[in-house]
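These are my notebook entries on a single protein chain. I set down what I looked up and what I found, one topic at a time.

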Amino acid sequence: MDKKKLLVLIDSVNCAKTALIHAKQKALQDSKHIDIVAFSYEDTGNILFSLSPEQVLAIQDKQLSLLRATLEPLLKKELTDCEYTFQTVWHESPEQWLNNEINATNYDMAIKTRHIDTQTQFSELDWQLIRFSPIPLYLAADNKWRKNCNVLAALDLGSEKASKHQLNKAIINCGLDYANSEGCEFYACYTVHVSPILRDLGIVFSDEQVLNAFEKLPALQRDLINEYNLRDKLHIKAGLAEQVIPSLAAKLDAELVIIGSVGNVGIKGKLIGNTAEKIMRLLKTDLLILPPHSI
């Protein structure tokens with residue numbers, strides 16, 4: 001059995017099945033153990049009367065016992081032939097628990113169900129995990145495991161930073177491993193930014209920006225693509241990444257998009273998000289987000 005484990009995060013009983021299905025397939029393919037953590041929390045500070053420490057603990061124990069009793073039958077049904085451990089945790093911020101309580105070197109990735117509904121693509125917890133997860137985060141969008149669906153790696157090839165080069169390399173390796181294990185096609189993409197205002201004014205043209213774009217990349221990034229012999233698999237498009245990548249994923253029948261998170265946090269990250277977050281808002285595929293420190 002592979003020593004590195006899979007971590008399944010459950011914050012909603014109704015959405016647990018999707019993450020479990022994906023974890024099972026990955027565990028069986030690679031002989032991995034699954035650690036499952038289900039979270040519950042209720043703020044008792046707003047109650048008009050004071051609760052004793054014993055009463056608070058009794059509430060927690062009751063809620064966690066109910067959560068365990070509800071999930072255990074689902075785990076037994078969905079995780080047939082898998083080795084797994086299961087714990088329930090009373091914690092207000094699962095992303096903080098993830099950073100404080102686990103040893104990141106023990107896990108390949110965390111798997112969680114995406115909260116897609118008619119109004120939002122992600123829950124607040126999804127966004128917090130995207131920003132702060134210390135390990136790669138797989139957000140499963142569908143409750144079916146689909147074989148032979150392609151994978152698209154979104155690369156940032158325009159930067160000369162060594163850290164960007166290493167993150168691109170990690171994304172490529174991850175995508176190729178996935179494609180090889182699933183028997184599907186691997187594609188990569190790079191978006192050349194074109195200002196919509198300048199384009200609409202006829203000052204710049206998308207075709208001109210793409211022409212010879214590969215040759216204009218930093219040598220470090222060109223060498224990376226050539227090293228993996230991916231020139232024919234690399235799609236270079238002009239425009240806004242948050243529009244280009246979802247469109248290309250649909251065209252290439254990519255059910256998994258792999259992207260690197262730059263870890264843009266604080267006021268700027270919370271107000272406008274980083275490029276990765278903008279891209280993900282239009283994607284309804286499975287997502288694998290690699291944090292900068294996962295390389």
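**Entry 1: Ala 27 and the end of its helix**

I began with Ala 27, which I found in helix α1, residues 16–30. I should record at once that the model is a predicted one. The relative accessible area of Ala 27 is 4%, so I noted this residue as buried. Setting aside residues up to four places away in sequence, I listed Leu 6, Lys 32, Ile 34 and Cys 82 as the residues that Ala 27 touches. I also looked up a pair far apart along the chain: Ala 27 and Leu 79 are 52 residues apart, and their C-alpha atoms are separated by 9.5 Å.

I then went on to Ser 31, in the loop between α1 and β2 (32–40). Ser 31 is not a glycine, yet it has a positive phi of about 55°. With a relative accessible area of 40%, Ser 31 is partly exposed.

I found a positive phi at Asp 81 too, of about 70°, although Asp 81 is not a glycine. Asp 81 belongs to the loop between α2 (53–78) and β3 (84–90). Its relative accessibility is 70%, so I entered Asp 81 as exposed.

**Entry 2: The nonpolar cores**

Which residues have the most contacts inside the largest nonpolar core? I found Val 8, Ile 34 and Ile 36, in a core of 49 residues. Apart from this core lies another, of 36 residues, and I noted Phe 39, Val 89, Tyr 107 and Ile 289 among them. For Val 8, leaving aside neighbours within four places in sequence, I recorded contacts including Ala 19, Leu 20, Ala 23 and Ile 111. I added a general remark to the page: in soluble globular proteins, nonpolar side chains tend to be buried together.

**Entry 3: Strand β5 and Leu 139**

I turned to strand β5, residues 137–140, and found both of its faces covered. Leu 137 and Leu 139 are buried on one side, and Tyr 138 and Ala 140 are buried on the other. β5 pairs with β4 in the parallel sense, over four bridges. With strand β10 (residues 286–290), β5 runs antiparallel, and three bridges join the two.

Where does Leu 139 find its bridge partner in β10? I found that partner to be Leu 287. On the β4 pairing, I noted that Lys 112 has Leu 139 as its bridge partner in β5. Leu 139 has a relative accessibility of 0% and therefore counts as buried. I also noted that the C-alpha atoms of Leu 139 and Asp 126 are separated by 8.2 Å, the two residues being 13 apart along the chain.

**Entry 4: Helix α4 and Arg 114**

Asp 126 led me to α4. Seven of the nine residues of α4 are buried, so I described this helix as largely enclosed by the rest of the structure. The buried residues include Asp 126, Trp 127 and Arg 131.

Arg 114 sits in the loop between β4 (107–113) and α4 (124–132). How far from Arg 114 is the nearest side chain of opposite charge? That side chain is Asp 126, 6.0 Å away, and Arg 114 is buried without a salt bridge. I did find a polar atom of the Arg 114 side chain 2.8 Å from the backbone oxygen of Thr 285. Beyond four places in sequence, the contacts of Arg 114 include Phe 122, Leu 139, Met 280 and Leu 287.

**Entry 5: Salt bridges**

I searched the whole structure and counted seven salt bridges. In one of them, Asp 35 and Lys 5 meet at 2.8 Å, N to O. This pair links distant parts of the chain, with Asp 35 in strand β2 and Lys 5 in strand β1 (residues 2–10), 30 residues apart. Asp 35 has 9% relative accessibility and so counts as buried, while Lys 5, at 23%, is partly exposed.

I next entered Lys 112 and Asp 11, whose side chains meet in a salt bridge of 3.5 Å, N to O. Lys 112 lies in strand β4 and Asp 11 in the loop between β1 and α1, so the pair ties together parts that are 101 residues apart in sequence.

My last pair was Asp 108 and Lys 32, with their closest N and O atoms 2.4 Å apart. Asp 108 is in strand β4 and Lys 32 in strand β2, 76 residues apart. I closed with a network: salt bridges that share partners join Asp 11, Lys 112 and Asp 126.

Definitions and conventions: Residues numbered from 1 in each chain as written. Predicted model: local features only at pLDDT ≥ 70, side-chain atom pairs only at ≥ 80, totals over all residues. Heavy atoms only, no water. Buried < 20%, exposed > 50% of the residue type's maximum accessible area, 1.4 Å probe, protein only. Lys, Arg positive; Asp, Glu negative; His and termini not counted. Salt bridge = Lys/Arg side-chain N within 4 Å of Asp/Glu carboxyl O. Polar contact = N/O pair within 3.5 Å; in protein donor to acceptor, adjacent residues only side chain to side chain. Contact = heavy atoms within 4.5 Å. Core = buried A, V, L, I, M, F, W, Y, C linked by side-chain atoms within 4.5 Å. Pairing = 2+ DSSP bridges.
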